[in-house]
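Me: I would like a close look at one part of this predicted model, namely its internal empty space, followed by the packing of the parts around it. Please take me through it in one connected account.

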Amino acid sequence: MAALRLVLGDQLSRSISCLQGIDKKRDIVLMAEVKSEATYVKHHKQKIAFLFSAMRHFAKSLKDDGFNVLYIDYHHDDNRGSLEAQVIWALEQHDLDEVIVTHPGEYRLWQAMCEWEKSLGVTVSMQEDNRFLVPQSFFDDWAKGKKQLRMEFFYREVRKHTGYLVNDGEPEGGKWNYDAQNREPMPSDKDVPARSHYEADKITQDVLALVEDTFDDHFGNLDNFAFAVTRNQALDVLNTFIDERLENFGRYQDAMVMNQPWMFHSHISFYLNCGLLDVKEVIEAVLQAYYAGEAPLNSVEGFVRQIIGWREYIRGFYWYFMPELATKNALNATRDLPEFYWTADTRMNCLKQCITETRDNAYAHHIQRLMVLGNFALLAGLDPEQVNEWYLLVYADAYEWVEMPNVSSMILYADGGQLASKPYAASGSYINKMSDYCKRCEYSVKEKTGHQACPFNYLYWDFINRHKAQLENNHRMGMILKTMGRMDDSKLQAMFEDAERFFDKLAVNEKV
Ligand SMILES: Cc1cc2nc3c(=O)[nH]c(=O)nc-3n(C[C@H](O)[C@H](O)[C@H](O)COP(=O)(O)OP(=O)(O)OC[C@H]3O[C@@H](n4cnc5c(N)ncnc54)[C@H](O)[C@@H]3O)c2cc1C
Ligand code: SF4
């Protein structure tokens, strides 16, 4: 029995389940740069270049080690344009009895693959995606029967299950969560280490030329391309993070600084999500630094929480709530995505910064995605479908399983509170506290109404007012609704009018 083993662009791992038990002489590994995957949304140019280069390097390393690899590049004469058509083509060319795949990360692809056995006429074995710490069934069992699925409680279960930062059932240091020590703004004299930078070799140069030529109408530019594209380079990113950034990761996790897109974050989501790094090795390397006394607990626990808390939880949440999650719109948000999300042409300096950096790097760190770009999308009532598409295509680490719960549930509250206990809404004062953006803004964060007032200020109260009936039953919103109840009526009216004027400008694409 010879098998065709299909490795997708985000499954670039030697230990991926579809390669387990491979017979190097008999079986064929198929990898293909297909049009349907590269263009179903207009992915950022750097995202396509990163994945094509990482795929080509991975295929080469397999070939060097004697695997029988069939690699179909984008302009190959035999490129059939979709994964299914490519698999059919491979089955026609070779004598194969079975197709082996790893469960894909996106619902649409999973649905399509479930039909393959019928259309291909051979056995299709779908193996579990083994690149997470816990299987999907762990999340399903935990979630079953619960009214609220808060990440914090899932995170504790995974901590206990894995034993990471747990001693005799008790959390290291006595607390499960050191979030309160992860919220410092950055002092202006603090230096940030430079981002890891990898020179483009011949494979990457070819890919960059291909992307520039073929995907010229896609978002973003390639000028700053410096991603790791091999496993060794990805390991180097991880080690550099531990050596140079981990110590300050926790303290400045929520801070934002002008022209500092990378801050003290790890920049490993690209590599974790495409298989170049393994979640276990990442956690264990960070814990090793902690036990060697090289990093403080607030940084280490904060980092572990992002990975074995948020990342594992988000993946479980996606599969638990799909396909319904894709159409959720609890706040009936219908406004079109403003043009400035593509051009960065806005007077709001925080948005201008975050969109410019996204365009230049295919990256923005978490708090920029959440509290600037996401906060605006929430307050302005932007259509979840358009916001999801934007986030899916602009970031080089974006795949629907991780992007959609973060967008629909975390930033837009489109699921009505299945993920978040209240909407992540904030006025300009939060952005002012956590960044230096407001100092260089044409608007004044101190002003609540009028032409100069920061739009986040009046949009915030307009949002609370628009949704007060829905939020009234949420005990975490009680204080805010009470505060609004005590506010001067004429002041509130002035803010609602400012919000209306702002939305009128957005509707005609006038610069805001
Ligand atoms: C609206 C929105 C959209 C997002 N879209 C994506 C996405 O498409 N792909 C993606 O990988 N992350 C996404 N995130 C989560 C997070 O912003 C990124 O994982 C992070 O910015 C990646 O940079 P880093 O590796 O430097 O992360 P660090 O800040 O160093 O964090 C370490 C790791 O923790 C994990 N992590 C942290 N927060 C989350 C989270 N909320 N969900 C899942 N994993 C998390 C990531 O694997 C990340 O690499 C999104 C967050 C928001 C608010
Ligand atoms: S003043 Fe308002 S719009 Fe300007 S940077 Fe600050 S929060 Fe953003």
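Reply: In this predicted model, the largest cavity has a volume of about 410 Å³. The search of the whole structure that found it returned four cavities of 30 Å³ or more. Its lining is made up of 25 residues, and those closest to its centre are Gly9, Asp10, Glu37, Leu51 and Tyr399. Sorted by class, that lining holds 16 nonpolar, three polar and six charged residues. At least two lining residues come from each of helix H1 (35-39), helix H2 (45-64) and helix H4 (107-114), and H2 gives the most, with five residues.

H2 also takes part in the packing of another helix, since it is listed among the elements against which the buried residues of H17 pack, together with helix H14 (340-343), helix H15 (349-361), helix H16 (366-379) and helix H18 (400-411). Helix H17 (residues 384-394) is itself mostly covered, with eight of its eleven residues buried; these are Pro384, Val387, Asn388, Trp390, Tyr391, Leu392, Leu393 and Val394.

As a general background to the packing, nonpolar side chains in soluble globular proteins tend to be buried together. Here the largest nonpolar core contains 170 residues, of which Phe50, Tyr271, Tyr313, Tyr341, Leu351 and Phe376 touch the most other members. Helix H13 (residues 297-321) contributes the largest share of this core, 13 residues. Apart from that core lies another, of 24 residues, which includes Ala32, Val99, Trp116 and Val122.

Tyr313 shows in detail how one of these well-connected residues is surrounded: leaving aside residues up to four places away in sequence, Tyr313 touches Phe139, Trp142, Leu149, Arg150, Met151, Phe154, Gln418 and Leu419. Two of these partners, Phe139 and Trp142, are among the buried residues of helix H6 (residues 136-143), where Gln136, Phe138 and Ala143 are buried as well. Because these buried residues cover an arc of only 160° around the axis, they lie on the same side of H6. The elements that cover them include helix H7 (151-162) and H13. Just after H6, Gly145 takes a positive phi of about 80°.

A second example of packing is Val286, which is found in helix H12 (residues 279-291). Val286 counts as buried because its relative accessible area is 0%, well within the cut-off of under 20%. Again leaving aside residues up to four places away in sequence, Val286 touches Phe241, Ile242, Leu246, Val300 and Phe303. Val286 and Val300 are 14 residues apart in sequence, yet their C-alpha atoms are 6.8 Å apart in space.

Some points of backbone geometry complete the account. Most residues other than glycine have a negative phi, and most peptide bonds are trans. A cis peptide bond, with omega of about 5°, joins Met322 and Pro323, and Pro323 has its place in the loop between H13 and H14. Asn259 has a positive phi, near 60°, and is found in the loop between helix H10 (246-249) and helix H11 (269-274). Asn259 is classed as exposed because its relative accessible area is 56%, where the cut-off is over 50%. Asn509, in the segment after helix H23 (489-507), likewise has a positive phi near 60°.

Methods
Residues numbered from 1 in each chain as written. Chains lettered and ligands numbered in written order. Predicted model: local features only at pLDDT ≥ 70, side-chain atom pairs only at ≥ 80, totals over all residues. Heavy atoms only, no water. Core = buried A, V, L, I, M, F, W, Y, C linked by side-chain atoms within 4.5 Å. Buried < 20%, exposed > 50% of the residue type's maximum accessible area, 1.4 Å probe, protein only. Helix = DSSP H or I, 4+ residues; strand = E, 2+ residues; numbered from the N terminus. Contact = heavy atoms within 4.5 Å. Arc of directions from axis to C-beta. 1 Å grid on protein atoms, 1.4 Å probe; cavity = no way out; pocket = protein on both sides within 12 Å on 5 of 7 lines; lining within 4 Å. Points joined across faces, edges and corners; volume = space filled by probe spheres on them. Nonpolar A, V, L, I, M, F, W, Y, C, P; charged D, E, K, R; others polar.
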